[in-house]
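Subject: Structure handover

Hello,

Here is the structure we spoke about. Please open it beside this email and follow along.

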Amino acid sequence: MKDILTSKIEYPRITDQGRRLLRRLHEDDDAPRYNYYCGDRLTDAGAQTVDRFAAGLRPSYTDTDFDWMPAWIEQVSEQVPFYRYRGKRQNFVDIPTCSRLDLARDISQFVPDNTELEALIVHGTSGRTARPLAIPHHPAACSSYLPLLQAMLQKYQLTLQGQTDSLAIALVCRQRQTITCATVSTWLNHSGFIKVNLNDKDQPTPGAASRYLNKYRPEIITGDPIAFTELAKVAADLRPKALLSTSAYLNPALHRQLQRDFGCPVINYYSLMESGPLAVAVDGVFYPLSADVYMEILDDRDRPVAMGEPGEITLTGGRNPYLPLLRYRTGDYATPAIDAQGERVFYDLEGRAPVVFCGADGSAINNIDITRALAAVPMARFQLHQNRDRSIIFRHRDAGQMHIRERLKALFGNVKISFTDLSDDKDKVITYSRDR
Amino acid sequence: MSDQKKQNHHMSLESFLDHLRLCDLAIIDPPTPHGDVHCAAIVSDTLYRLGCGRLNRQEADRVCKLCEQSMQAGRLIQLACWVYHHDALCDGRYERQKVLDLAWGPLAELAAIVAVENFIEHADRREELVRRCLAAIGEHPADEDAIYAATRLKALDSIELNRVVRDTQAAKKRAEAVRRAMAERAARAAPTYGRE
């Protein structure tokens with residue numbers, strides 16, 4: 001803890017006030033048992049990058065906002081090994097798409113030749129739809145999430161100010177195990193950010209999570225539907241400006257229920273670790289948050305689908321200098337449309353559905369916990385299906401059954417587990433499913 | 001044999017390859033100041049045989065300077081002169097600048113990456129040198145068209161091959177550096193303020 005407070009690497013720009021807040025967040029009697037220490041690693045140059053990015057954000061975007069694309073594509077086609085080996089194409093629509101499988105094969109091939117590696121950090125994806133992946137990231141790209149959160153709130157006539165000496169954002173999770181931390185954002189007025197796991201064993205005493213959150217009263221709360229459902233149980237008297245939900249399908253009934261519970265808007269947004277936040281939903285329609293990522297919706301032959309037809313969300317651009325994306329298939333599906341103001345939007349986002357499984361004793365098991373339990377088993381991908389009788393069918397290739405069985409037994413208890421082959425012919429598989 | 005047939009026979013690839021394979025090894029003796037061979041004199045004589053006049057003072061100085069900087073470049077230029085001494089090219093009235101450009105450019109670069117002896121001993125390198133010399137003056141072997149000759153030369157191009165190898169090594173080194181950085185920094189992160 002002492003090290004993190006004085007670390008110029010973790011916090012190149014932290015102030016004494018920021019340090020005081022950080023100490024309070026950590027040393028509070030009700031503070032969760034934080035298991036990770038990190039700062040925003042934002043240098044002055046990085047902060048300027050975020051400032052410039054924030055200044056470029058607008059309420060809506062037209063096609064001319066994407067005029068940067070030809071020059072950018074030319075540049076990445078020369079400097080990024082993966083795109084260079086594929087060769088250049090005359091027309092944008094002829095550029096072959098890539099996917100998470102390409103990243104998984106060798107992500108080093110996506111890092112531009114001329115990018116300095118000094119600032120590189122590494123983030124892991126949760127692997128809701130595939131095996132977890134390590135993504136090279138940049139502190140400025142991480143802090144760029146903040147102006148994007150502000151842009152989402154603006155859509156709802158709300159603001160995120162981030163006051164010095166107070167907690168701006170709480171990210172809540174409901175997982176068996178996850179990284180938790182308390183930090184300060186030097187870009188957002190040295191305000192606080194915490195990531196907490198609403199799990200009894202992460203709390204020092206019963207009821208501590210509720211007391212802690214109520215004491216620091218975060219301006220906004222981010223998380224996923226599973227975590228918000230739990231939050232409603234442990235701290236329903238919290239009144240943040242908004243809940244911002246991503247990472248999983250937000251059921252409309254639950255959406256309404258959460259809005260009633262917390263007395264604030266529940267804002268659904270679309271975000272990927274590979275790209276950062278991309279779009280925010282208003283009445284079920286997703287609006288682009290920035291013009292540095294171009295979103296296409298493609299059919300399975302890499303062609304844009306017609307308006308009103310569903311297809312796969314595909315990205316070009318990005319603010320992570322270590323991972324420029326050129327026609328990157330996200331594995332998520334949506335239907336494109338043009339709104340009344342002429343802006344490209346999409347709806348019917350069919351993202352990664354959260355799946356709660358049932359253990360032999362009837363306990364709930366989050367799919368993220370399964371992903372984590374299986375992280376040490378080398379598998380390109382797998383599918384897990386739970387039958388109505390709680391038995392499990394596990395489809396996979398090239399992995400040790402014994403290790404998988406042991407780990408699943410540890411999670412599910414004494415349920416029947418059968419193994420079958422997962423064919424390689426599908427690019428995308430639904431990793432988790434269960435009988436209803 | 002008709003004159004045309006004689007000409008075709010002389011311009012055949014085999015004829016040039018034999019001419020090079022059976023060269024007098026004294027032609028690749030070190031040039032001055034590293035040895036006793038006067039490279040500029042050989043180049044001047046070659047130009048004359050090709051119907052291009054002789055080296056002027058400036059050009060001769062440039063050849064000498066090149067030899068001074070790189071003995072191997074001088075030796076390879078001398079060997080190229082041997083190729084140009086093939087009977088089929090005598091009095092061809094070729095463009096002198098094209099011959100000189102070959103000496104200033106590709107031959108100096110080639111000499112830095114391939115041992116000069118290889119252009120005599122190894123079949124592919126022998127063919128590469130012959131084709132480079134012919135291509136430089138706008139010629140190609142009999143029974144080939146210009147496109148085939150250019151394609152074949154491209155396939156034999158040691159400079160290009162060397163560039164590809166160099167680029168591949170650089171790419172491999174860079175990928176290793178990225179992987180190493182990622183492995184070293186696996187525990188380094190910064191908050192992203194929301195779930196993904």
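Below is what was found, taken topic by topic. Please keep in mind that this is a predicted model.

The nonpolar cores

In soluble globular proteins, nonpolar side chains tend to be buried together. The largest nonpolar core here has 99 residues. The members that touch the most other members are L149(A), M152(A), A170(A), V172(A), L243(A), V280(A) and F286(A). Where does this core lie? Both domain 1 (2-56 + 159-264) and domain 2 (63-142 + 271-350) of chain A contribute residues, so the core lies between them.

To see one part of it, select L243(A). Not counting neighbours within four places in sequence, L243(A) is in contact with I221(A), F228(A), L258(A), F262(A), C264(A), V266(A) and I267(A). Another core, of 38 residues, lies apart from the one just described. I28(B), L89(B), L129(B) and L134(B) are among its residues.

Helix α9 of chain A

Helix α9 of chain A covers residues 208-216. Which of its residues are buried? They are A209(A), Y212(A), L213(A) and Y216(A). Viewed down the axis of α9(A), these buried residues fall within an arc of 95 degrees, so they line one face of the helix. The general rule helps here: an α-helix has 3.6 residues a turn, so residues three or four places apart point the same way. The buried residues of α9(A) pack against three elements of chain A: β3 (167-173), β5 (191-197) and α10 (225-234). After α9(A) comes R217(A), with a positive phi near 35 degrees.

Backbone angles to look at

Most residues other than glycine have a negative phi, and most peptide bonds are trans. The following places depart from that pattern.

- D283(A) is not a glycine, yet its phi is positive, at about 55 degrees. D283(A) sits in the loop between β9 (276-282) and β10 (285-288) of chain A. Is D283(A) buried or exposed? D283(A) is exposed, because 5 other C-beta atoms lie within 10 Å, and a residue with 12 or fewer counts as exposed.
- Y193(B), also not a glycine, has a positive phi of about 70 degrees. Y193(B) lies in the segment after α10 (158-184) of chain B. Y193(B) counts as buried, because it has 26 C-beta neighbours inside 10 Å and the cut-off for buried is 20 or more.
- The peptide bond from T32(B) to P33(B) is cis, and its omega is near 5 degrees. P33(B) is in the loop between α2 (13-21) and α3 (39-49) of chain B.

Regards

Technical notes: Residues numbered from 1 in each chain as written. Chains lettered and ligands numbered in written order. Predicted model: local features only at pLDDT ≥ 70, side-chain atom pairs only at ≥ 80, totals over all residues. Helix = DSSP H or I, 4+ residues; strand = E, 2+ residues; numbered from the N terminus. Arc of directions from axis to C-beta. Contact = placed C-beta atoms within 7 Å. Core = buried A, V, L, I, M, F, W, Y, C linked by C-beta atoms within 7 Å. Domains from an automatic or database assignment.
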